Amino acid sequence: MADTNVQLQELVAEMESRRAKILAGGGTERQKKQKEGGKLTARERIDALLDPGSFLEFGTFTEHGHNRLMQGIEAPGEGVVTGRGTVNGRQVFVFSQDFTVLGGSLGKMNAQKVSKVMDLAAKTGCPIIGLNDSAGARIQEGVDSLSGYGEIFYRNAIYSGAVPQISAILGPCAGGAVYSPALTDFIVMSRGSSYMFITGPEVIKSVTREEVSFDELGGADVHNKKSGVAHLEGEGDEDVLRLVRELLSYLPQNAREKPPVVPTNDPRERTTPELLEIVTTDQRKPYAMHDVISTLVDDAHFFEIQPLWAKNIIVGFARLNGKVVGIVANNPKVMAGTLNIDASDKAARFIRTCDCYNIPILTLVDVTGFLPGVAQEHAGIIRHGAKMLYAYAEASVPKITLITRKSYGGAYLAMNSRDMGADAVYAWPTAAVAVMGAEGAANIVYRREIQASANPEATRAEKIKQYKDTFDNPYVAAAKGYIDDVIPMEDTRRILIQTFEMLEHKEEARPYKKHGNIPL
Ligand code: HXC
């Protein structure tokens, strides 16, 4: 009996000593380096993300593949920590790359650990969150490492739209390490300590002779402001993980569910007279669409997505009477809210994300059209603008459109008009629906009369007024059924809530297809 106890104690001790080695990751020195500049370790990040005590680890004792170049190299935990936990009580799966172990580089067994939790997430219908901090393909493992990326990319694509996938970028992510995040629904980067690039500054210098710093090449600001690759940025690891937690609160567990309802003390019937102060009737004066949004939604809280890129369109999540809505709104303060290539990409992607995850869409319209210009035409505004048309038509979630002021031309359609599939279209008395603005229209339609007139300017002014009186209002469109109601601005919150309630159980059949072919 005593012998058995001793044996048992030895076995337990061995397990503990093996585990302790794994928990130490790349060792004290590398962990110290990791923490310089405020970065957390892979395990600390998991603790910061998940509810306390909820983490259950998988694959703890996984080792690298022991190929020829890896002989003698140790990789505790195989450079990635994987498992499940909860965020606000809801189950999520997580992998956290450990930069202290071979730079968090991806080998075959590392990829297998990640793939396992991705499979579990898909099988159990739960979000998967990647905490990325990796130098890319593990050079010593050659093609096995590339194969590992293949396994992950494949799952990213196959599970896309089935369960939410969120990527936090918390260190230098190079090569393959950026394409998995790029295939996920959201990318959140930490400013100053994270980078994303396909090829680093050294390679770029040798090929193109361009000299560029890590930050200038692929820092959080670059991807949040210029490239549109990222969706959000935080100040350091903890802030990024806080953003990920909040982001999850707007998403369902999977494509079969709806996002959780968060009860609010903000009254359902609250009137919104502030809107009369915010929106100006002078069509040339911009107003703050962000203020319109925060006036309408619960507790004035708007969680904006991609707030720094393509600012001429605003997208993000909010709640109306506790239920999540995705908002797409023109921003009259930037480029007069016109739609260009980046705005179209941003909106189309967001609309599709909402549709995947059963999030109703509210569209706020104040738009004069697509941005004119040779550069836009040559860069393919036709193809990019078509994405918005496609995304709105394709989306089968409840869709409400509210025209706040101008809604002209092709952009009228791209902002989810009745014919593009809106379930309800409202307009404020300030709205104007037309093919184009009165000045432009009068100059084209009445050109001959204006030219032939003894007083062309007086005739032009008269024709502009005539056009405005006829079209620059919501009533022509309302008379023809394109607008369901012209509503008092102060009743807007209540009307939106009631209409989304009306649409709660909406179902919309689509013809059989393998999948659509959105213009990309
Ligand atoms: C194996 C690697 C590694 C890699 C770094 N390390 N990159 N080990 N494979 N790809 C190791 C280092 O030897 C070092 O080990 C530790 O990780 C930390 O690396 P450092 O260079 O000391 O760190 P730092 O100075 O912070 O620089 C980080 C870095 C740099 C910018 C990421 O390491 C780097 O440029 N690495 C190479 C990136 C790369 O080219 N990856 C392959 C991309 S190709 P020790 O023992 O000293 O701690 C790719 C193909 C897939 O991914 C494409 C699919 C589409």
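In this predicted model, the protein chain is divided into three parts: domain 1 (2-249), domain 2 (274-435 + 472-502) and domain 3 (438-471). Domain 2 is made of two segments, and the residues of domain 3 fall between them in the numbering. The C-alpha centres of domain 1 and domain 3 lie 63 Å apart. Along its principal axes, the C-alpha trace of the protein chain spans about 110 × 55 × 45 Å.

The protein chain contains 21 helices and 17 strands. It has 520 residues, of which 47% count as buried. Contacts between residues at least 6 apart in sequence were also examined; 74% of them join residues at least 24 apart.

Two annotated spans come from the UniProt record. An unreviewed entry assigns "domain: CoA carboxyltransferase N-terminal" to residues 8-263. In the model, this span is 41% helix and 17% strand. Its end C-alpha atoms lie 52 Å apart. The unreviewed entry also lists "domain: CoA carboxyltransferase C-terminal" for residues 267-513. Here the span is 40% helix and 18% strand, and the end C-alpha atoms lie 43 Å apart.

One open sheet has seven strands. Their order is β1-β2-β3-β4-β5-β7-β9, and the pairing is mixed. β1 (56-58) and β9 (232-234) stand at the edges. Each has a single partner strand, so one side of each is left without a neighbour in the sheet. On average, neighbouring strands of this sheet are turned by 25° against each other, direction ignored.

Within the sheet, strand β2 (residues 80-87) and strand β3 (residues 90-97) run antiparallel. Eight bridges join them. Glycine 85 stands opposite valine 92 in β3.

A helix lies across several of these strands. This is α10 (residues 237-249). The strands under α10 are β2, β3, β4 (128-132), β5 (165-169), β7 (186-190) and β9. Helix α10 runs at about 160° to β7.

Helix α12 (residues 289-296) has four buried residues: Met289, Val292, Ile293 and Leu296. Seen down the axis of α12, these buried residues fall within an arc of 95°, so they line one face of the helix. Several elements contribute to the cover over them. Among the helices are α11 (274-278) and α21 (492-502). The strands include β11 (313-320), β12 (323-330), β13 (361-367) and β14 (399-408). The cover over α12 thus includes both helices and strands.

Two loop residues have a backbone feature worth noting. Histidine 66 lies in the loop between β1 and β2. Although histidine 66 is not a glycine, it has a positive phi of about 55°. A residue counts as exposed if 12 or fewer other C-beta atoms lie within 10 Å of its own. Histidine 66 has 10 such neighbours, so it counts as exposed.

Alanine 300 is found in the loop between α12 and β10 (303-305). Its phi is also positive, at about 55°, and alanine 300 is not a glycine. With 12 C-beta neighbours inside 10 Å, alanine 300 counts as exposed.

Notes
Residues numbered from 1 in each chain as written. Predicted model: local features only at pLDDT ≥ 70, side-chain atom pairs only at ≥ 80, totals over all residues. UniProt positions renumbered as here; feature names shortened; annotations may be inferred. Domains from an automatic or database assignment. Buried ≥ 20, exposed ≤ 12 C-beta atoms within 10 Å, placed from the backbone. Arc of directions from axis to C-beta. Contact = placed C-beta atoms within 7 Å. Pairing = 2+ DSSP bridges. Axes fitted to C-alpha atoms, helices over the stretch in contact; angles between N-to-C directions.
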